[in-house]
Amino acid sequence: MIKISVMLVLVSVIGFAIMHRRTDAPQARQIPQSRAQPLTQPPHAPAEVPTSPANPDDDIVETRHTYSGPRRPQALHSSTPTASSGKVAYLTFDDGPSGSTRKILSILRTYGVPATFFVVGSDSAEGRALYQQIAAEGHALGNHTYSHDYKAIYRSTAAFRKDVDKLGRLLESCVGYRPDIIRFPGGSNNHLSWKSGGRGIMYRAAKAVQDDGYQYFDWNVSSTDAAAPVQDKSLIIDSVMSASRGKQSIIVLMHDNTYKTTTVEALPVIIKRLQAAGFTFGKLSKNSFAFHFLEP
Ligand SMILES: [Zn+2]
């Protein structure tokens, strides 16, 4: 019995020593294996599909910027009377209307600057009033889908069209026309869409909306105001100014969200600094300067 116990102890000790050598010695061979591991996964694994209509995902998808330029060069300036020469800035506000909309409108009014609001569905008296005020004050309204619900809208092109159409009808009942400009929630190269619609969904959706007569717009300057729930004001300003450098036409991504107070605070500074940098301001239209991440 004692002999067996001694044997067992010996076996355990020897076994432990062997295991130790195995975990130490082959480590150099194991590292490449663990390094190779991520390559078996998609380079941009889809994240959780957000459920909040005003979400911070619009800013995390700038993975591939393919310049497509204006589709109709002769029409480049037709819709931007302030842009007959020099640099043009298109300020865009996504996800409104919200508690910040009137503040944004007030600042734009103060500086006499037009902008583009890519709105979502808000079928309340307040929402309807805000759509009307945006249009009445001379800004462009764009379709950002009614629900902004990635899981629903990116399930198929039919689902996407249905959601866009729902907002189009609401806006038409409020302001008398259906916007023919679109911004995809998350941008045209977002990968969150893959979860419900598969990898090709953005190509199909982009083709579908263009077939339906819409133009879609991504951005070539991010304010980074979606990178944090409440982004630092100076970071918003610096991001816009640094990304604008060297560009002739800029489409600036910002958000119209009740809680994004620093976007509102940064706006007057951004307008003044862009003006000082030689920019005039335009609003987007179907034939204006367009920037696409994705070229279907
Ligand atoms: Zn959005």
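In the predicted model examined here, Pro229 is exposed, with 10 other C-beta atoms within 10 Å. Since a residue counts as exposed when 12 or fewer such atoms surround it, this classification of Pro229 follows directly from its count of 10. Pro229 belongs to the loop that connects strand S6 (221-222) with helix H9 (233-244), and its C-alpha atom is separated by 7.7 Å from that of Tyr259, a residue 30 positions apart from Pro229 along the chain.

The chain as a whole contains ten helices and eight strands, and 41% of its 296 residues count as buried. Among contacts between residues at least 6 apart in sequence, 81% join residues that are at least 24 apart. The mean pLDDT of the chain is 79, with 71% of the residues reaching 70 or more. Two segments call for caution: over residues 6-57 pLDDT stays under 50, and the model has 25 contacts beyond four places in sequence for this segment, while over residues 59-85 pLDDT likewise stays under 50, with 47 contacts beyond four places in sequence.

The largest nonpolar core comprises 63 residues, of which Ala89, Tyr90, Ile251 and Val252 touch the most other members. Helix H10 (residues 261-276) supplies the largest share of this core, namely six residues. When residues up to four places away in sequence are left aside, Ile251 touches Tyr90, Thr92, Phe217, Trp219, Asn220, Val221 and Phe291. Thr92, one of these partners of Ile251, stands opposite Thr116 in strand S2, and the strands S1 and S2 run parallel, joined by three bridges. In S2, Thr116 and Phe118 point one way whereas Phe117 and Val119 point the other way, and all of these residues are buried.

Helix H3 (residues 101-111) has Thr101, Ile104, Leu105 and Leu108 as its buried residues. Seen down the axis of H3, these residues fall within an arc of 100°, and they therefore line one face of the helix. The face turned away from this buried side carries Ser106 and Thr110, both of which are exposed. The cover over the buried residues of H3 includes strand S1 (87-94), helix H4 (125-136) and H10, the last of these being the helix that gives the largest share of the core. H3 is followed by Gly112, which has a positive phi, near 65°.

In helix H4, the end C-alpha atoms lie 16 Å apart, which agrees with the 16 Å that its twelve residues should span at 1.5 Å a residue. Leu130, Tyr131 and Ile134 are buried in H4, and because these residues fall within an arc of 100° when seen down the helix axis, they line one face of H4. Ala125 and Ala136, on the other side of H4, are exposed. What covers the buried residues of H4 includes H3, strand S2 (116-119), strand S3 (140-143) and helix H6 (157-175), just as H4 is included in what covers the buried residues of H3. Just after H4, Gly138 adopts a positive phi of about 90°.

Note on methods
Residues numbered from 1 in each chain as written. Predicted model: local features only at pLDDT ≥ 70, side-chain atom pairs only at ≥ 80, totals over all residues. pLDDT = per-residue confidence, 0-100. Contact = placed C-beta atoms within 7 Å. Core = buried A, V, L, I, M, F, W, Y, C linked by C-beta atoms within 7 Å. Buried ≥ 20, exposed ≤ 12 C-beta atoms within 10 Å, placed from the backbone. Helix = DSSP H or I, 4+ residues; strand = E, 2+ residues; numbered from the N terminus. Arc of directions from axis to C-beta. Expected span 1.5 Å × (residues − 1). Pairing = 2+ DSSP bridges.
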